[in-house]
Amino acid sequence: MAETAAPFLPRALRGSPWVFHVGTSGCNNCDIEIADCLTPRFDVERFGVRLVGSPRHADVLLVSGPVSLACRRPLQETWLDMPSPRAALLVGACACSMGGYRDAYGVAGPADRVLREVEPGARIAYVPGCPPKPETIIAGLVRLLEAP
Amino acid sequence: MDGFGEWIWFLLVFPGAAFAAGLGLVLSWADRKVSAMVQWRRGPPPSQPFLDVAKLLGKEVVVPATSWPAGFLAFPFAAFAAASLAAALSWHAALGLPGRAPGDLVVVLYLLAVPPLAAILGGAASGNPLGAVGASRHMVLVLGYELPLAAALLVGAFQVRTVGGGEAAAGTLSLEGIARFQALAGDAVGRPSGILALLVALLCCQAKLGLVPFDQAEADTEIAEGAFIEYSGPPLAIFRLTQAVLLAAMPALLVAVLWNGSAGTPGGRAALAGKVLLVVVLLVLVKNTNPRVRIDQALRFFWGPVTAAAALALLLARMGW
Ligand code: SF4
């Protein structure tokens, strides 16, 4: 599920991943499932996850939705705003592979291609599903953090 | 305190920077844990605040192109230094440690004004519009709570003059003098003026620590942490540590000024832990059961009822109650 390109994430980061969420023109279902992860039932704060308001504080970029042409630059800039070491978690079929928007006229490509335009070695994990369940998102995050 | 070594120990280790930061991180875990329990969640493990800081210390420092770099990077350290000195003085008095501490109540109040000031300047130096919004909100909050906070804490010093038994305590503004007086004449919170002052001070504490309902300056969901928006890596870690130190310093200060009759005795030290924990849990419960108010509502609240209550407390203290 996780690709290895960057060096090991430091131990402290694995225990304290702060997450910044960008919706790049998805249908909003994935965003709702992401919010689910913070509810008492799933409580990702157990693993030290915090949803932060500024990309400068973030370690992991959550992307949901196909990247529309209008969202391409903002997504790349948000990624570059994040201090390294950083990683991306693509949530949902759209972000991973464009899903139903494949070959549509208004999209710039799946999020991994858009991110790798600015950082070829970006560390990226994929969480498929339409939308993925919160359990799947948590599993994806754990794989991303623990992958060598 | 005479020796140079003793000074260094006082400022950097106990009860200064290292002790205050460590205790503050533990208390901030308590904050997150109690918040989680209120929401029927499990919450983070006790090591979480330490991991957060360790992680931030290992991250890249991004200095925005629009910023004033020297100020942007220096202000977090100013905030931390002032906060840990204030924590050292407060804990010195609250624990009733031997030796004379170098400052009195007025010095502590001045030092406690530095961290918000550093946040204002840091937010402004970042060149980010939301940082500027956060800085202006910090300013409004400081204007709102500083006066009632100072008035409420002065009640503790005022009683030394007006309540019988105060003759034994010299230097009415020194924290040790206040403790000595309370050992003779009873805790300030044992009198009506003291109870009112403690309530006022608790509300001001809530704003000083940036806890809901007075977290307008850092509102995550609204202005993305305001003045701290552009900070990353170690400078952000220093600001987080400063907040932790303040979380350790403020309850100790309230206790030292208003509730410190048993300072220095073994039983008093055990009670101190309970008192500090009680104050922190109260702050956290208020935080979790209230919505964020607007900044103008916060200012009106502090300048209206809170300042009036603080003035009433001073009046009561003047009458010896
Ligand atoms: S993956 Fe499905 S649920 Fe998620 S944004 Fe795309 S269409 Fe919506």
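**Exercise 1. Classify B:Asn128 by accessibility and place B:Asn128 in the chain.**

Solution. B:Asn128 has a relative accessible area of 14%. Buried means under 20% relative accessible area, exposed over 50%, and partly exposed in between, with a 1.4 Å probe and protein chains only. B:Asn128 is therefore buried. Next, the position: B:Asn128 sits in the loop between helix H5 (105-125) and helix H6 (129-162) of chain B. Helices (H or I, at least four residues) and strands (E, at least two) are DSSP runs, numbered from the N terminus. Last, the contacts, meaning heavy atoms within 4.5 Å. Not counting residues up to four places away in sequence, B:Asn128 touches B:Ile229 and B:Glu230.

A note on conventions. This is a predicted model, in which local features need pLDDT of at least 70 and side-chain atom pairs count only at pLDDT 80 or more, while totals for chains, interfaces and linings use all residues. Residues are numbered from 1 along each chain as its sequence is written, chains are lettered from A and ligands numbered from 1 in the order in which they are written, and side-chain values use heavy atoms, with hydrogens and water left out.

**Exercise 2. Find the loop that holds A:Pro66 and list the contacts of A:Pro66.**

Solution. Start with the loop: A:Pro66 lies between strand S3 (60-64) and strand S4 (67-68) of chain A. Its relative accessibility is 2%, so A:Pro66 counts as buried. Now leave aside neighbours within four places in sequence. A:Pro66 then contacts A:Thr24, A:Ser25, A:Gly26, A:Cys94, A:Ala95, A:Tyr101 and A:Val107. Take A:Val107: 41 residues separate A:Pro66 from A:Val107 in sequence, yet the C-alpha to C-alpha distance is 6.9 Å.

**Exercise 3. Describe the shell around the ligand by residue, element and class.**

Solution. A residue is near a molecule if one of its heavy atoms lies within 4 Å of it. The residues around the ligand are A:Gly26, A:Cys27, A:Asn29, A:Cys30, A:Gly92, A:Ala93, A:Cys94, A:Gly129, A:Cys130 and A:Pro131. Two elements of chain A give two or more residues to this shell: helix H2 (29-36) and helix H4 (93-97). Now sort by class. Ala, Val, Leu, Ile, Met, Phe, Trp, Tyr, Cys and Pro count as nonpolar, Asp, Glu, Lys and Arg as charged, and the others, Gly among them, as polar. The result is 6 nonpolar, 4 polar and no charged residues.

**Exercise 4. How many residues does the largest nonpolar core have, and which have the most contacts inside it?**

Solution. A nonpolar core is a set of buried Ala, Val, Leu, Ile, Met, Phe, Trp, Tyr and Cys residues joined through side-chain atoms within 4.5 Å. The largest has 118 residues. A:Leu61, A:Leu75, A:Leu90, B:Leu105, B:Leu153 and B:Leu209 have the most contacts inside it. Helix H10 (residues 233-258) of chain B supplies the largest share, 19 residues. A second, separate core has 20 residues, among them A:Val49, A:Leu89, A:Ile138 and A:Leu145.

**Exercise 5. Quantify the interface between chain A and chain B.**

Solution. Count residues: 29 from chain B and 27 from chain A take part in the contact. Then the area. Buried area is the accessible area (1.4 Å probe) that two parts lose on being put together, summed over both. The two chains bury about 2200 Å², 50% of it on carbon and sulfur atoms. On the chain B side, B:Arg41, B:Lys55 and B:Lys59 lose the most area to chain A, together 28% of what that side buries.

**Exercise 6. Count the salt bridges and place three of them.**

Solution. A salt bridge is a side-chain nitrogen of Lys or Arg within 4 Å of a carboxyl oxygen of Asp or Glu. The structure holds 15 over all chains, with 6 between chain B and chain A.

- A:Asp59 pairs with B:Lys55 at 2.7 Å. A:Asp59 lies in the loop between S2 and S3 of chain A and B:Lys55 in helix H3 (residues 48-57) of chain B, so the pair joins two chains. Both residues are buried.
- A:Arg56 pairs with A:Asp81, with the closest N and O atoms 3.6 Å apart. A:Arg56 is buried at 10%, whereas A:Asp81 is partly exposed at 30%.
- B:Asp296 pairs with B:Arg300 at 3.1 Å. Both lie in helix H12 (residues 295-318) of chain B, 4 residues apart, about one turn of the helix.
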